[in-house]
Amino acid sequence: MCPLNEVLDRVSGKWAIGVLTLIGAEEVARFTELERGIPGISRRMLTLTLRNLERDGLLTRTVYATVPPRTEYRLTEAARELAQTLSLLTDWAKRHQTHIQVSRLDYDGTH
């Protein structure tokens with residue numbers, strides 16, 4: 001796979017977008033906050049997404065030796081830049097979702 005496509009696939013998945021935008025808005029997030037803040041994500045998928053984003057250098061993970069252990073996630077500098085772009089994209093999607101739904105219904109009714 002082309003390296004550029006690999007990077008775009010990784011950061012454009014719905015779970016990655018959710019993680020990056022939520023941490024970007026909060027600056028730091030705990031696992032349970034992410035789990036609650038991303039509708040529909042399973043614990044397993046959240047764990048995989050966090051590991052992949054950490055592996056790609058987009059998240060830092062800090063584990064505190066408390067009982068129970070507390071884990072916090074922060075965006076790296078590269079991810080903060082990406083989160084700004086994703087925020088613009090998600091804002092655009094929210095503003096235009098009704099238009100897109102109506103257009104789909106119109107298209108489906110004529111084809």
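**Exercise 1. Arg10 and its partner**

Task: In this predicted model, decide whether R10 counts as buried, partly exposed or exposed, and find which residue forms a salt bridge with R10.

Solution.
Step 1. The relative accessibility of R10 is 25%. Buried means under 20% and exposed means over 50%. R10 therefore counts as partly exposed.
Step 2. The salt-bridge partner of R10 is D56. Their closest N and O atoms are 2.6 Å apart.
Step 3. Locate the two residues. R10 belongs to helix 1, whereas D56 sits in the loop between helix 4 (43-55) and strand 2, so the pair ties together parts that are 46 residues apart in sequence.
Step 4. Treat D56 in the way R10 was treated. D56 has a relative accessible area of 35%, so D56 is partly exposed.
Step 5. Place the pair in the whole structure, which holds six salt bridges.

**Exercise 2. Helix 1 against helix 2**

Task: Describe how the axes of helix 1 and helix 2 cross, and state which residues make the contact.

Solution.
Step 1. Helix 1 covers residues 3-12 and helix 2 covers residues 14-26.
Step 2. The two axes come within 5 Å and cross at roughly 65 degrees. Angles of 65 to 115 degrees count as roughly perpendicular, so helix 1 is roughly perpendicular to helix 2.
Step 3. On the side of helix 1, the contact is made by R10, V11 and S12. On the side of helix 2, K14, A16 and I17 take part.
Step 4. Sort these residues by class: three are nonpolar, one is polar and two are charged.

**Exercise 3. Helix 2 against helix 5**

Task: Work out how helix 2 and helix 5 are oriented, and sort the residues of their contact by class.

Solution.
Step 1. Helix 5 spans residues 77-110. Helix 2 and helix 5 pack at an angle of about 105 degrees, and their axes are 9 Å apart. Helix 2 is therefore roughly perpendicular to helix 5.
Step 2. Helix 2 contributes I17, L20, T21 and G24 to the contact. Helix 5 contributes A79, L82, A83, L86, S87 and T90.
Step 3. By class, six residues of this contact are nonpolar and four are polar, with no charged residues.

**Exercise 4. The three strands**

Task: State how strand 3 pairs with strand 1 and with strand 2.

Solution.
Step 1. Strand 1 (residues 28-30) and strand 3 (residues 70-75) run antiparallel and are joined by three bridges. In this pairing, R30 has E72 as its bridge partner in strand 3.
Step 2. Strand 2 (residues 59-64) also pairs with strand 3 in the antiparallel sense, over six bridges. Here R61 stands opposite Y73.
Step 3. Look at the link between strand 2 and strand 3: the two form a hairpin with five residues between them.
Step 4. Turn to T71, which lies in strand 3. At 19% relative accessibility, T71 counts as buried, because the cut-off for buried is under 20%.
Step 5. Leave aside the neighbours of T71 within four places in sequence. T71 is then in contact with A29, R30, F31, R61, T62 and V63. The C-alpha atoms of T71 and R61 are separated by 6.8 Å, and the two residues are 10 apart along the chain.

**Exercise 5. A network around Glu72**

Task: Find which residues are joined into one network by salt bridges that share partners.

Solution.
Step 1. A general point comes first. Side chains of opposite charge can pair when their charged atoms come close.
Step 2. The side chain of R70 forms a salt bridge with that of E72, at 3.4 Å from N to O.
Step 3. The side chain of R74 also forms a salt bridge with that of E72, at 3.2 Å from N to O.
Step 4. These shared partners join R70, E72 and R74 into one network.
Step 5. Compare accessibility. E72 has 11% and counts as buried. R70 has a relative accessible area of 27% and is partly exposed. R74, at 36%, also counts as partly exposed.

**Exercise 6. Thr49**

Task: Is T49 buried or exposed, and which residues is T49 in contact with, leaving aside neighbours within four places in sequence?

Solution.
Step 1. T49 is found in helix 4.
Step 2. The relative accessibility of T49 is 9%, so T49 counts as buried.
Step 3. With those neighbours left aside, T49 is in contact with W15, A16 and V19.

How values were computed
Residues numbered from 1 in each chain as written. Predicted model: local features only at pLDDT ≥ 70, side-chain atom pairs only at ≥ 80, totals over all residues. Heavy atoms only, no water. Pairing = 2+ DSSP bridges. Helix = DSSP H or I, 4+ residues; strand = E, 2+ residues; numbered from the N terminus. Axes fitted to C-alpha atoms, helices over the stretch in contact; angles between N-to-C directions. Parallel < 35°, antiparallel > 145°, perpendicular 65-115°, else oblique. Contact = heavy atoms within 4.5 Å. Nonpolar A, V, L, I, M, F, W, Y, C, P; charged D, E, K, R; others polar. Salt bridge = Lys/Arg side-chain N within 4 Å of Asp/Glu carboxyl O. Buried < 20%, exposed > 50% of the residue type's maximum accessible area, 1.4 Å probe, protein only.
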